[in-house]
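I opened this file to look up the fold, the surface patches and the charged pairs. My notes follow in the order I took them.

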Amino acid sequence: MSITNTKIVYGLYGDDDDLMKAVKSIRKQGITIDEVYTPFPVHHLDKALGLKKTRISDIGFFYGLFGTTLAATMTWFIMNHDWAQDIGGKPAFSWGQNMPAFVPIMFELTVFCAAHFMSWTYLFRNKLYPGAAPQNPDPRTTDDKFMIEIHTTDVEKIKNVFIETGAEEVTVKGDYGQVNNLVQEEA
């Protein structure tokens, strides 16, 4: 498949049920859907698209483990190594003996690191960080419309598939983003 012949075809739908039917129909025909834009989360859309389980929970565990390790190291360094003090007649013999007093600190740093690093990971992975270029090809998908994006060399076939599945509007864009063709289907 040549890069120069690839076009982007968008199918615009007015209802989430129509979108789900279209996704299932398109996937049954063996056509790869590159992206779907929706104004709100659509239940089971990820399964209909055949998306894999995200790994953000796995990385979240490691972020939490980092927070726990940071808290344990910090409490040991501050309370036992750097500035050990006799508080209330209880000397800081070792970190292990005083660990129950550090549980709230360890819990809070675990949650803090996991939540903040996961948020940053999500924003950068999805290109939503400050200053990122907008990814949405049609602002109506932030209000009340649903859009399927397919990259293809067989534009006519994909346009027909979109029309058959009930798309309200079909748009074809070329390699450089210019609109080449616009087909509207009255419902």
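Before placing any loop, I fixed the terms: helices (H or I, at least four residues) and strands (E, at least two) are DSSP runs, numbered from the N terminus. On that basis I put His44 in the loop between strand 2 (35-37) and helix 2. I also noted that the model is a predicted one.

**Entry: fold**

I listed the elements and got five helices and five strands for the protein chain. Their order along the sequence is β-α-β-α-α-α-β-α-β-β. I then looked up the contacts between residues at least 6 apart in sequence, and 67% of them join residues at least 24 apart. Of the 187 residues in the chain, 28% are buried. The exposed surface comes to about 12600 Å², with 59% of it supplied by carbon and sulfur atoms.

**Entry: backbone angles**

I searched for positive phi outside glycine. His44 has a phi of about 70°. His44 counts as partly exposed because its relative accessibility is 37%, and the partly exposed class lies between 20% and 50%. Lys127 also came up, with a positive phi near 55°. Lys127 sits in the loop between helix 4 and strand 3 and is partly exposed, at 46% relative accessible area.

**Entry: surface patches**

Which residues gather in a patch of positive charge on the surface? I found Lys52, Arg55, Arg125 and Lys127 there. Lys52 belongs to the loop between helix 2 (45-49) and helix 3 (56-82). Its relative accessibility is 80%, so I recorded Lys52 as exposed.

I also logged a nonpolar surface patch made of Trp120, Tyr122, Leu123, Phe124, Leu128 and Tyr129, with about 620 Å² of accessible area together. Tyr129 is in the loop between helix 4 (95-125) and strand 3 (146-152). Tyr129 is partly exposed, with a relative accessible area of 31%; this passes the patch cut-off, which asks for over 30%.

**Entry: salt bridges**

Side chains of opposite charge can pair when their charged atoms come close. How many salt bridges does a search of the whole structure find? I got four, and I wrote up three pairs, starting with Asp138 and Arg140, whose closest N and O atoms are 2.7 Å apart. Asp138 is buried at 10% relative accessibility, whereas Arg140 is partly exposed at 33%.

Arg140 also meets Glu169 in a salt bridge, at 3.0 Å from N to O. This pair links distant parts of the chain, 29 residues apart: Glu169 is in strand 4 (residues 169-173) and Arg140 in the loop between helix 4 and strand 3. Glu169 is buried, with a relative accessible area of 13%.

I next took Lys159 and Glu156, where the closest N and O atoms are 3.4 Å apart. Both are in helix 5 (residues 155-164), and because they are three residues apart, about one helical turn separates them. Lys159 is buried at 7% relative accessible area, while Glu156 is partly exposed at 48%. Going back over the shared partners, I noted that salt bridges join Asp138, Arg140 and Glu169 into one network.

**Entry: one distance**

Last, I looked up Asn98, which is found in helix 4. Asn98 is partly exposed, with a relative accessible area of 22%. From Asn98 to Thr75 I recorded 9.6 Å, C-alpha to C-alpha, at a sequence separation of 23 residues.

How values were computed: Residues numbered from 1 in each chain as written. Heavy atoms only, no water. Patch = residues over 30% accessible without salt bridge, like charges linked within 9 Å, V, L, I, M, F, W, Y side chains within 5 Å. Areas by Shrake-Rupley, 256 points an atom, 1.4 Å probe, with all protein chains shown as cover. Salt bridge = Lys/Arg side-chain N within 4 Å of Asp/Glu carboxyl O. Lys, Arg positive; Asp, Glu negative; His and termini not counted. Charge placed at Lys NZ, Arg CZ, Asp CG, Glu CD. Buried < 20%, exposed > 50% of the residue type's maximum accessible area, 1.4 Å probe, protein only. Contact = heavy atoms within 4.5 Å.
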